[in-house]
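Student: I would like to learn how to read a few features of a model, one at a time. Where should we begin?

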Amino acid sequence: MIDTIIIERLREIVGVKYVTNNKEDLYIYTKDPGASLPRPVDFVVMPHTKEEIQEIIKLANDKKISITPMGGGLTLSGLVIPIKGGIVIDMKRMDKILEINESSRYVVLEAGVTIGKLLSYLRQHHPQLEPPVPDAPPSATVAGNVLIHGSGYLSQRHGDHGSMINGLEVVLPTGEICNLGSCALSDYWFSKGPLPDFIGLFTSSFGILGIVTKLSIRLFPRSKYRDVVFGLLKDPRDIPEVLLEITAVNIAEDILLGMQDKPAWMKGYFFLMTYITGDSEEDIQRQTKILKKIYHKNKCRFMKVPEKFHRSYMEKPIFAAAAADFRKGGGFEYVGAFIPLEKVPDAYLRGAEISRKYGLIPTIGSRLMSGIHTVVVFFTYSFNRASAEDMATARKALHDTNKLTIELGGIPWKAELDGQKIILENLDSGYKSLLKKIKDTIDPNGIMNPGNWEVL
Amino acid sequence: MSEVSLSDWKAIIHRCFRCGYCKYTKDFSEINCPSYKKYSFESYSTGGRLWLIYSLITDELEWSSYGAKIIYSCTTCGNCIQNCRFDKFNHFLVDFIEMGRREAALRGFCPDNQKNLLNRTINSRFYNPYGAMHSDNTVLKENHDLPDEAEWVYFIGCTSNYRQQHLRDSTLIFLKKTGFNFTLIDEHCCMSPLIRTGQVDSVKEFLTYNIKKIKLVGASKVITSCAGCYRTLKNDCYKQGVEHDLEIYHTSELIARMLKDNRLIFTSEYKKTLTYHDPCHLGRHANCYEPPREILRQIPGVTFIEMKRTRENSWCCGAGGGVKIGDPEWALEISKERLQEAEQTGASLVVSTCPFCKTNLNDANVKFDMKFNILDLIELIDKLEYAILEKKEVKFIFEKSNCLTCQNIDCLTRCQYIKFQNIEDARVEMNKLINEDRDSIVLSECIGCFGCDEYCPHGSHPFDLINALQEKFNSLQCNPDVVQNTINMFKPHDEIRIKQIDPSKPVLNQCVFAKVNSKEMSGPMFDNFQDLGGRDFFCNLIYQHLARPSIIKERVPIIIENFKKMGVKKDTEVICWHDECYGLYTSYCKRNDIEQPFRPIHILEHVYNYLQAHESEISKLNIKAAYQRNCSNRYIPETDKWVDKVCELIGIERVPRKYDRENALCCAASFPLKGKKKLVRPTQNKNVEDMVQYGAKVCIFNCPACKDALERKISAKGIKSYFLSDLARKALGEELKY
Ligand SMILES: Cc1cc2nc3c(=O)[nH]c(=O)nc-3n(C[C@H](O)[C@H](O)[C@H](O)COP(=O)(O)OP(=O)(O)OC[C@H]3O[C@@H](n4cnc5c(N)ncnc54)[C@H](O)[C@@H]3O)c2cc1C
Ligand code: SF4
Ligand code: SF4
Ligand code: SF4
Ligand code: SF4
C-alpha cells in the first residue's frame, strides 16, 4: 500500500519513465562487482533537476524511507547498495557540463556527468585541458569520484581528487539547497575558500549528509609529451628511499608501484613506474636520464619493457579493469589504504601474506599522492562472482586487510560496511561524537544513506 | 572462434564486470546502446541485461514477462561487442542476449509480436516473417531469363522479395547487366529474425533447406543484397551447426571488387551530397565497412560525407533484433536519431546496404517528415550508367606470342641497368631469352628489379622467364653458402603451433618482420588485428633475388596451407604489411594459377582507410618527401595510388623526383648477393642525389630492406627516413618512440 503511494508520488515528481520498482530492474542495483552481499532496493528513480531531488527528499522525510545517491556505482565496496533499503537516486540524467573556465581552469558540471563524457568533451572542445580522473571505467561519475577522495594520474602532482573540488551545490536531507565554496558569494566557481570549509562534510561521507547536484572541479594543462620510466626493485625496504629522491627533484607527474605473483616472471619484484611530462622529446630524454640515475643509485633497476606493455601504461586513464579481471570471474574488490610512506614496505609484505593465507595470488599496487605525503596502497582481490565460496574468501581477505591498514597507521579508503565498522571501532571518540551531532542535526529523520558511518 | 554452445555460455556470462564501456561510442562521447539510451536504467545496459540473464538462469530471479521485455529490448546492434574491452569475452555479448531469448522463448516468455514472426515463417503458405504469400521465384526467373543451373545464386531475402521489391529488381538488373552467371532458388526465410529473437526450433531445418537448394542448381557462390541474410548465411550457419562451403558475398563487396579490378566504371554523374548508414549486420557483425564506401567514392559527382558516428561506432537504425515488430514506435525513434545525425552532414540522400535498414529509415523519414531520399546502394547504382570492361587477360606463364610481334621491346629497352644500342639490339637479346640461350647478357647482367614486368605493355611477365633461366644456368653465381643459409633459415616448420584466428576479423600478415619491425606494426592503427608472422608465413619471394624461383614454387603451397590451418578463410581480410607479400597473393598467385587463399589488403590501403576513418584527428604534416619505391611494388603497380592518397591526406608532397614511379631505382641492398657489389655505390648515390635535388626533407619507404640500405646515407644529407605508415601515425598525433 505504502509502496503504491510512494511510487505514485515518485512518478509525479520525475515522470513515469524514470521510476521503477520492478524486481528485474532493481536486481542490478542490489549488487555491484565487489564482494558485498546483495541488499534489497525498493525503488530506483532518475531525477533530472535539483527541484525534483528536493521533492524526493521531502517524500522520503514524510514516509521515513531512506535514500541512497548513486553515480556510476563503481566503488566496488558496495557504497551505493542501500543498507536499509529504500530509494536509490540514480543521478545519470543530471548530465550537463555547464561551464568550462579556461582562464581559471575549472569545469562546472552536474553530478551525473560521467568521467567518459568529461574526457571526450574536453578532448573535443578544450584539448589543452585535462581533468583529474581515476583509472576507473568511463561510466563512473566525476562527482562520485571526487566525493570519495578518488585519485588518478594527476594526484601525485596535485593531490587527491577531493582536494580539487572548488565548490558544491548540495540538497540537504531537509530539502534545503546550499552552495559551498566561492560560488556561495561569487559567479566564479574558482575556489574552495577562504570560508569555513563545509565542502569537507560531503567528501568521503558517502552521501549521508546530502545530495550533491552540481560541482566545480579543477582542470589542468595537458602536457605535450609524456612518458613512463619503468624500474624494478628486489627488496621492498628500498622503496621509500627511491621515492623520496624522485619526489625531491619534482619531475614526476604520477608514480605507481606494483607487485604481483603472476605471471611467473613478475614474482619477487616490485615495479616502479614514474611518469614524466615535458614540452619536447629532449625534455623527456633529459628527465629520463635523471630518473635512471636516481633508480641506479637506489637499487632500482631501470627496465625496458615490451612496446605493448608500455602502450597499455601510457593509456590515460589506464584500463585498470583489465587487471581487475585477471581471474575472469567478473568479481573484484580491493582495500585502498591511505598509508604513510614508511609503512609501505610492511604493507606489501604483509598484504601478500594475507593473499597467500587465503590461497589468492598477491596483487598489490599503489599510487603516490601529493608528493609522498600519502601513498594509497591497493590490496586487490579478483574473484569469481559465480562462486559464493570465492566471494566469502574475498570478504575475509578484505576484512584482514582493513585491520592490517589500521595497524600500519593507515586509513581504509571508500571502505565497505565492514571496513567502516573497523574504522569506527578505532576512531577518536571526539570525532565520532562530532560526526553523530552533525548527522543528527542535518538529517533529523536519518533518511540519507543510513547505515553508513553509523555512530550508535 | 565465436561459437557458443549452450553449456559454455552459462559458464562465462557472469564475467561481465558491469563497467559500462559497452554503453558508449569508443571515445565515450555518446551513449551508443539504443536500449540504454531509451530506458536509462542500468537493467537496460548490456551489462544489466547480462546480469539479469544470469540471475534468471541461476534461479535467483523468476522468469517474468517484464524480465523478457528487458531481454528483448535490444536491437542486437553489436555496439557492445565493439566497445566492451574484454577480449575473448566481448564477441559473445550479443550471443548471450540471444541465448537469453532462447531461454525466455523456451519458457513461453517470447513476446507476442515476436512470436508472430515464427508463426508466419513456419507457415507453408508464407515461409517468410511478413506473412506475404510465398513466391517460389519462378516468375522472376522467367522474367529475367535465368538459367536452371548457375555458378551463383542471388539470395533475395524476405524483405527484398516481399517489401522492397525495387531493391530486389535493381539487384537483378545489375547482375544481368554485368553478366553474372546466376539464378534464383525457391528460397525460404534465412531465419535471421528467428535467430535474433531466440526462436530457433526450425532454424536448422530452414538453413539446411536453403543450402540444399543452392547446391541443387550447381552454385558454389551466393550473392545477397540483404545485410541480414548475408550475416546469417555467413556467420550464423555454423553457429547453428549447419556447415557449408559456399562463398557468400554482399553485393557491395562484389561491386567494390569489380571497380578495383577495373572491370566496372561509372560513366554518368550523380551530383548529390549523400551519407552512408552502416547496417549493423553488415558492419559490426560482419566487418564489412569499406566496400560500400569505396563504391560511393567512385561515383562521379557524388559528395560523400560521413556522419558523426560511423563504422564500428554507428548508431543503429533500430529495426534489428525483433525491435521493429516488438516495439515499432521505438524502432522509429532510433531511426529518427540516425536521420537527425544525417541532417548534420547536409546530405539529401541517405544510402544503406540493407533492405531492413532502408525500410525503417524510410518509415521514420515519412513519419517525422524529414525530407530525405533514402536508397539502398544497389538502387543508387541502378540510377547510374556504367560500363563493364573486359576482364584484363592475365598471363599465368611467360607468353612469347606477344614478343614475336612486339614493337618496342619495352622490357629491355627501358631496363635501367642493361644498355642496348637500339630496339633491334634488344630484340636479338629477347629472342635469345625466348630460345633459352644461356649466353644472353640479360641473364648475367639483370639485377632483378622486376622493372621489365612492369614495362611490358602486354602482360607477358618477362622477369618470370629471366629468373627461371637464371636459375637453370646459374647465371648470377650467387654465393652458394648465402643461398643455402637463406633457404635453411626461412624454411617453414614441419609442424606449426595452431593459433586459431577469427576468420571474420582482419589479420595482419607480418611476414618475417614480426620481431624486427614490431614497433612499426604497433599503435592503434594495428591494434585490432590478429597477427600471423614468422617463417611459416613467409612470402618467399626473396628467392627471386637469389635466382631460385623453384624454392618459391615449392614453399608457397605450404605457406598457404599454414594460413588455412590457422583458420584463415577465403574472404578473411589479410593485411599484407610488406609489398612482397601482397605481390605474392595477388600477382604471383594469379600468374601461377594458384587460388588466392584469402583477401589480401595492401598495407597502404589499410592505412588510407584508417586515416579516412579518423580524418578529424589528422594534423597535416606539411612536408616534402621523396618516395623510394621498392622493386617488389612493380608487380603490383595498382597499389601505388595508395601512396598518393595517403600522402594527400596527411599533407605530404610527394616530390616529382626522377627515380620514382616507373623509373624507380633499386636500393641496391641485394646487389652484393648477386656479385654486383660494384654497382651498389653508384646506384645508391643516384638515389640520394636525386632526393636532395628535389628538396625532399623526408624519405618514405615501404620496405624495411630498402630503408636499412639507404637510411644512413640519406640521413647524412639531413633527410629523415620513415615508413609511410609511421608518418600516418604521426599525423594522427601518435608519438613514435623510435
Ligand atoms: C577497475 C576500476 C578501477 C578503479 N580505479 C580507480 C582509480 O584509479 N582511482 C579512484 O579514485 N577510484 C578508482 N576506482 C573506484 C571507483 O570506481 C571510482 O572512484 C569512481 O569514480 C566512483 O564513482 P562512481 O560514480 O562510480 O561513484 P558511486 O559508486 O556511484 O558513488 C560513490 C559514493 O559517492 C556517493 N555519491 C555519488 N553521487 C553522489 C552525489 N551526487 N551526492 C552525494 N553523494 C554521492 C555514493 O552514495 C557513494 O557513497 C576504480 C574502480 C574500478 C572498478
Ligand atoms: S559487457 Fe563488457 S563493457 Fe559492458 S559492462 Fe560487461 S564487461 Fe563491461
Ligand atoms: S546489442 Fe546494441 S542494443 Fe543490444 S545491448 Fe548491445 S549495444 Fe545495446
Ligand atoms: S616481354 Fe613484353 S615488352 Fe618484352 S618483348 Fe615481350 S611483349 Fe615486348
Ligand atoms: S629485372 Fe630489372 S634489371 Fe633485370 S632485365 Fe628486368 S628491368 Fe632489367
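Student: How are H3(B) and H4(B) oriented to each other?

Tutor: Axes are lines fitted to C-alpha atoms, for helices over the stretch in contact, and angles run from 0 to 180 degrees between N-to-C directions. Angles under 35 degrees count as roughly parallel, over 145 as roughly antiparallel, 65 to 115 as roughly perpendicular and the rest as oblique. The axes of H3(B) and helix H4 (residues 65-72) of chain B come within 10 Å and cross at roughly 140°, so H3(B) and H4(B) are oblique to each other. Helices (H or I, at least four residues) and strands (E, at least two) are DSSP runs, numbered from the N terminus.

Student: What is the handedness of the crossing where H3(B) passes H4(B)?

Tutor: A crossing is left-handed if the near helix is turned anticlockwise from the far one by less than a right angle, and right-handed if clockwise. H3(B) passes H4(B) in a left-handed crossing.

Student: And what of the model itself?

Tutor: This is a predicted model, in which local features need pLDDT of at least 70 and side-chain atom pairs count only at pLDDT 80 or more, while totals for chains, interfaces and linings use all residues. Residues are numbered from 1 along each chain as its sequence is written, chains are lettered from A and ligands numbered from 1 in the order in which they are written, and side-chain values use heavy atoms, with hydrogens and water left out.

Student: At what angle do the axes of H31 and H32 of chain B cross?

Tutor: Helix H31 (residues 603-613) and helix H32 (residues 640-650) of chain B cross at roughly 30°, their axes coming within 9 Å. That makes H31(B) roughly parallel to H32(B). The crossing of H31(B) past H32(B) is left-handed.

Student: Which residues surround ligand 3 most closely?

Tutor: A residue is near a molecule if one of its heavy atoms lies within 4 Å of it. Ligand 3 is surrounded by 13 residues, the closest being B:Cys33, B:Cys74, B:Cys77, B:Gly78 and B:Cys80. Helix H3 (46-57), helix H5 (79-83) and helix H6 (93-106) of chain B each give two or more residues to this shell.

Student: How does the shell around ligand 3 divide by class?

Tutor: Ala, Val, Leu, Ile, Met, Phe, Trp, Tyr, Cys and Pro count as nonpolar, Asp, Glu, Lys and Arg as charged, and the others, Gly among them, as polar. The shell around ligand 3 has seven nonpolar, five polar and one charged. Around ligand 5 there are nine nonpolar, two polar and no charged residues; B:Cys415 and B:Tyr417 are among the residues there.

Student: Where are the cis peptide bonds in chain A?

Tutor: Most peptide bonds are trans. A cis bond joins A:Gly193 and A:Pro194, with omega about 5°, and another joins A:Lys262 and A:Pro263, with omega about -5°. A:Pro194 lies in the loop between strand E9 (177-181) and strand E10 (211-218) of chain A.
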